[in-house]
Amino acid sequence: MSTSEQQDNHSVAQQMAAAGSFDHRKYKAYPRLNLTDRTWPDQVISEAPIWCSVDLRDGNQALVKPMTVAQKVKMFALLVKLGFKQIEIGFPSAAQPEFDFARKLIEDNLIPDDVTIQVLTQAREHLIGKTFEALKGVKRAIVHVYNSTSTVQREQTFSMSQAQIAGIAVQGARWVQEYAARNPNTEWTFQYSPESFTGTEIDYAIEVCNQVIDVWQPIQGQPVIINLPATVEMSTPNVFADQIEYMCRALHQREQVIVCLHTHNDRGCGVAATELGLMAGADRVEGALLGNGERTGNMDLVTLAMNLYSQGVDPKLDFSDVQEMLRVCQECTDLPVHPRHPWVGELVYTAFSGSHQDAIRKSLQFHHDKGLAHWEVAYLPINPADLGRDYEAVVRINSQSGKGGVAHVLERDYGIELPKWMHQHVSNVVQKAAEQAGSEVRSKEIKALFDDHFVAVPAGWNLRGYDLSSQNQQTEATFRIEAAEPIELTGRGVGALEALADALGRHYGVAIKVSQFDEHALRQGTDSDAIASVCVSVDGVDSVAAAIHEDTTTANLQALLSAVGRAAKRVAGLQSVG
């Protein structure tokens, strides 16, 4: 190194030291692959991959408190119920509970005929031997052998050459082949992983994998899986896709080899990398429910499967009872589920924003009215009911919510279809309560606020009866009202409502004008209650109320009485009433 170069390096070192520990210059960009004729960007995922859950192995070894055998049995049953046909159950040569779990599944006949279990082992003979002992008597199994091929581990951990590392892989493949031959009654599938594939020179990874393939000879009928693990996610998803396409082109006997992906989430792109890897030619995916795995986690099987589902692709997995899945996962792993977890988090279908709520309400109604063949609802990429989610979670109310959201909750949960002119009045009451509480206002609380502020009859303003008669398109009416002293009023107008406004105005000497009115049935059927809503001006003071009654006319009249009664404290002529 020249004196000038030494001085430059020294200068950079000084700058890094001065900048503190958070300094990007200590890292370098991941090398890109020069694949100028890539084809994966033009591909579309049109069918589900072969799925393999690694919850019981990769997921389990990432837990603070690993699962007991009983918990692993419960998790295995869940995975089977969800539809997984390949399940990695553990590392039986690594610990006695892992060995015992494998034996329990086999001896208690807990493995369905259409499910294949998978086990992991390092490329060491005594561990391979122990692995086959754990699998004795199984109908079919995948034996997954691996060794690390990465540059860093070769140089810093093992101090071994490329040839020596390749030799470990080849010898491990031979041992797997030999032990399988001693157990001919089992249907064996062989799987090899160049661990830390993304940290391995791509051409060297091809060389090692091809040497293993040449040992196993899938072209002669031996099922073989080559698993390409992003043990540490180091690149952007597009670079990973280039690597997968390059590998798929170069692997020996490719038509007979199943290419598998096992991505981690260190960069937060595990799902994206897997999707692009499938576009690049991979056939199979390993991952864990909800992304549980070492460090930032494994590729999230739920997210990837639901991504396919949302695009009209059958994922071949059933998440229709997502609450049951979440319950079992939490019981077995003792890990919480983030409320914003894609697709299944508690809040992922929830809108607090007023504009979002209004769009959802209108879009759901449009979808219902038009009978659309495909789901197209604002802010909801899928129907939450597909996952067993209640519509109550879609619109929830806090201080950020708007009038449309409050109206949606009342209509959705109680059949109260507020007229549009009333949305703002009710929303103002609910928003004030949310601001005072500093938290969400639940559906029952919204209903209680509506009842208290709009439906409850002010003291002294109950309608006790009425008599109506019509003549010359005019209604003459007598109304009996429970005031401080029961009173009887008479009035006339076009209809009962106008007659009551006339009676009240003349009796109390105030000007009463009905500016808005609406009525509708709360539910379908001849025995349905009616709800009437009214906005009146009493000497220039606006007041809004609603009333519910089995008799439509009674509901209309009581709504008007309640509205006038609510204005009483603000109108001089009415202050002595009630």
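Domain bounds here come from an automatic or database domain assignment. That assignment splits the protein into domain 1 (46–333), domain 2 (354–387), domain 3 (403–455) and domain 4 (462–569). What you're looking at is a predicted model, where local features need pLDDT of at least 70, side-chain atom pairs count only at pLDDT 80 or more, and totals for chains, interfaces and linings use all residues. Residues are numbered from 1 along each chain as its sequence is written, and side-chain values use heavy atoms, with hydrogens and water left out.

**Where domain 2 meets domain 3**

- The C-alpha centres of domain 2 and domain 3 sit 21 Å apart.
- Their contact (heavy atoms within 4.5 Å) involves 6 residues from domain 2 and 7 residues from domain 3.
- About 470 Å² is buried between domain 2 and domain 3, with 53% of that coming from carbon and sulfur atoms; buried area is the accessible area (1.4 Å probe) that two parts lose on being put together, summed over both.
- As for salt bridges (a side-chain nitrogen of Lys or Arg within 4 Å of a carboxyl oxygen of Asp or Glu), the count between domain 2 and domain 3 is 0.

**The annotated binding site**

- UniProt, in an unreviewed entry, puts a "binding site" at Asp58, His262, His264 and Asn298; such annotations may be inferred rather than shown by experiment.
- These residues spread over 241 residues of sequence, yet they cluster in space, with a largest C-alpha distance of 10.5 Å.
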